[in-house]
Amino acid sequence: MLANGFRRKPTQVVGLVVALLLAVGGTLLVWTGSIWLAQFDDLFVIRAVVTVGSWMSLAALLLPVMAIRRPTLSPRAFLGYDLSPLAVGLTFLMFALVGPGILLLPIAFAPVNAWPDDASVQVAWAAAPLLFLQGLLTVKLGRQAGIALRRRPRLATWVDFFGVLVLVLGGVVVVVELAPRIPALLWVVRAARPLNEFFIALPQWLAATPFGMLWAAPGHASSMIGQPQLAWQTLGYGVVLVLVLLVAWFALVGLELRPTRRLAAPRRTRVPGLFAHFPASPAGAVAARSLTYWFRDPRYFAVFAVLPFVPVLMLLVFSVGGVPFPIAVLVPLPVMVLLLAWSTLHNDVAYDSTAIWQHVAASTRGSHDRRGRAVPVLLWGLVLLVIGIPLTVWGHGDLAVAAPFTGVCVALLLGGIGVANAYSARFPYAAPRPGDAAWQSPQVAGSQGGVAQAMSVLLTVLVALPALLASAVWWVEGGWWGWIALGVGIAAGGLAFAAGVRGGGAVFDRRAPELLAFTQRN
Amino acid sequence: MVEPVVDETTPDDVIDAELLVEAVLSDEILIEEPVADDDVEVDEVESDEELAEELAADEVDAEPAPEQEPTPRPAAVSLAAIPVSDDSALSVRGLTKYFGGAAAVDGIDLEVRAGSFFGIVGPNGAGKTTTLSMVTGLLRPDDGAVRVFGVDLWQNPRLAKQKIGVLPDRLRLFDRLTGSEFLYHAGALRGLDRATIAQRSADLSTAFGLDHSLHRLVSDYSAGMTKKIAIAAAMIHAPRLLVLDEPFESVDPVSTSVVLDVLARFTEAGGTVVLSSHSMELTERVCDAIAVVVDGQVLAEGPIAEVLDGRTLEERFVELAGGEAAVKGMEWLQNFSD
């Protein structure tokens, strides 16, 4: 039965061979790398071993979770033979060694080569079997988790996505950590300089996690750190960790070997599209509908066509104007945030055109309507901030700018949404109709809003003003003003957001039929 | 939700409009006790008399419906569940709307009894859509009152609108949603929970024959399918009153009969339908009460037999709307120029 694991389809065999070659190559790399490491100082060895090791431990968990499609052999296959779970579990572990699992041995023992210090080498010898067991059990448990995960395809795609992301990012981190001793990679060190503190602190954090613990243990015993008792203590934790994993493994095998009772599952209610990700409430429906439109309606995603050009254009203009780059780089993101928060939302009701009757007929509460409409913009805004703030800080070159900068951006985002939310209920003006191109200007008789719209932008900037002022003080004085700017920005933004939703909602409640009449005119 | 008073047991294998109506109505009838079938005839006659008296008392703009013994209702229209209390589903008094000085709707009074199939007919531009917009809370009237099951719509819109399902004419839908998303959106806007929405969407799409189109965008639907999904969305929250503006315009005969079938079951179970149409033949066939609206005024209103007075609706309508006179004046059309 166990031998059936070797029977595969031809395409699978090719894939398997490639994977195997990669694994062997990787193992060889780790082995030679460990020998190469021995020439450097203790601190660098600690950094390298901990990051590389943690990455491998993480991969031992994530790769099986992502790669497994269906079990080649389940412990359940032994259900009919009346074997004890302990025996089956042990057999499976043994069998894992007859195959690629054996590659874990050289990987686990590789650190022995790496440590230049005798005391460290001793600990490394002791840690190696534990590392080996940890790796083996992690892989096994990861496989089981992966099999269980495939029953929920939607969750699985998310896990796959984040798994790949984490591993790729981890790979980048590994390269950056190794770079200082590789002459060819010195440019990486220079590029990563703004985040230097992070990369120096990272190995310590990793050493505190189960993934990096055993890799870090020999480092504590090295002559430079000189804490052998801490090293042996860490090994003790490692033993506990391996025991926990063993118990989990045998419990899992035992669970699989139990006869199951079939439970009648409740009929799953199918929720279409994005509506599944929002609660079944009026606000949730508005949010899901609005977000769907962001994906399907060119009038909405037109703003994404503009956004990327904002930083390029602005930086170009600033560089021509002779503004130093570290200052110029701070400008584009707030402008982009303002553009995003304001551009579509401030006239959202007009974008719906007469379809807004559904809200009027259902007497949707104004605050629900407003809150729902804010969700997509809030989402895009967060994405923009998460990408934009690190890039800006990196471009600026000083980590300290992050706090006040975030304060200003958050104030602009929340304030922009709040103001626009109130404005779209109170001062709608003719917008391109559904199905029209985004830039097509509508044909309207009568005046187009102009003053009111300019006012709304001004109001948004006003919301960000406290954060801007505090940031200015920080620029001159430094110190805690940066954090004050962050707090003030979040507070002012949150306040404006709440007021906009509340006020816009009240206006919507009062003027719903008039809004519908307005959309019918235009 | 209040336990349903009406407890009809339907065979499980009948998956069609019957299930739908049951689903739609299960949590809908709150107070009214349905009258047993043998009481219907008496009750009906009484209420007709009441209605006639009321009409006479109120002095409708046009000549009041001729006083006569109400003829028994055609057997095709069943009113199995006429509520005992509060007979009026929709009551409109003096509804008025001016557009730029001219009255589009000029003091309309309407009285729709619960459980009836009420048709509003009128020529183009008579003010049907304007009236129905004001009745459903989509357009603020300049004067007059709308009461839905005794609740004043413009004083207490949230409560009144819960009882109404709306199909407006010539307003857009959120048509970049797929059919199933559209139904879900409509249900969630009305505050239904997921399981209820899923069940009712399934029932409604089956009843209207939209099962195979639910994954497509509503903007890609044909006119008839768009009407059908809009009516389905109007019914998803189990309203007592359905207000449908031109539900059969540009709808093919098969879809029309499907929709009529669902609506008939809806009224049988006690629901009320108000629809506007300029298809005389259809209105005459399906409605049990009508109002003829011309130039923003009600010219005739009441049970269909009364209004028709032995003629077809088309003849009666042309007579009321004065179309014949206009044709008579054009003698030159009979003297050809060559």
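Here's a quick look at how chains A and B meet, and at one strand inside chain B. Keep in mind that this is a predicted model. The contact draws 31 residues from chain B and 32 residues from chain A. Over in chain B, strand S8 (residues 272-277) is mostly covered, and S8(B) pairs in the parallel sense with strand S3 (residues 117-121) of chain B and with strand S7 (residues 241-245) of chain B.

**Where chain B touches chain A**

- On the chain B side, the elements giving two or more residues are helix H4 (157-162), helix H5 (179-189) and helix H6 (194-207) of chain B.
- H5(B) chips in the most to that side, with seven residues.
- Sort the chain B residues that touch chain A by character and you get 16 nonpolar, six polar and nine charged.

**How S8(B) is covered**

- Six of the six residues of S8(B) are buried.
- That goes for both faces: Thr272(B), Val274(B) and Ser276(B) sit on one side, with Val273(B), Leu275(B) and Ser277(B) on the other, and all are buried.

**Who S8(B) pairs with**

- S3(B) lines up with S8(B) over five bridges, in the parallel sense.
- To find this pairing in the structure, look for Ile120(B), whose bridge partner in S8(B) is Ser276(B).
- S7(B) also runs parallel to S8(B), pairing over five bridges.
- Here a handy marker is Leu241(B), which has Thr272(B) as its bridge partner in S8(B).

**The helix link**

- S7(B), helix H8 (residues 253-268) of chain B and S8(B) together form a right-handed β-α-β unit.

Terms used. Residues numbered from 1 in each chain as written. Chains lettered and ligands numbered in written order. Predicted model: local features only at pLDDT ≥ 70, side-chain atom pairs only at ≥ 80, totals over all residues. Contact = placed C-beta atoms within 7 Å. Helix = DSSP H or I, 4+ residues; strand = E, 2+ residues; numbered from the N terminus. Nonpolar A, V, L, I, M, F, W, Y, C, P; charged D, E, K, R; others polar. Buried ≥ 20, exposed ≤ 12 C-beta atoms within 10 Å, placed from the backbone. Pairing = 2+ DSSP bridges. Right-handed = clockwise from strand over helix to strand, strands pointing away.
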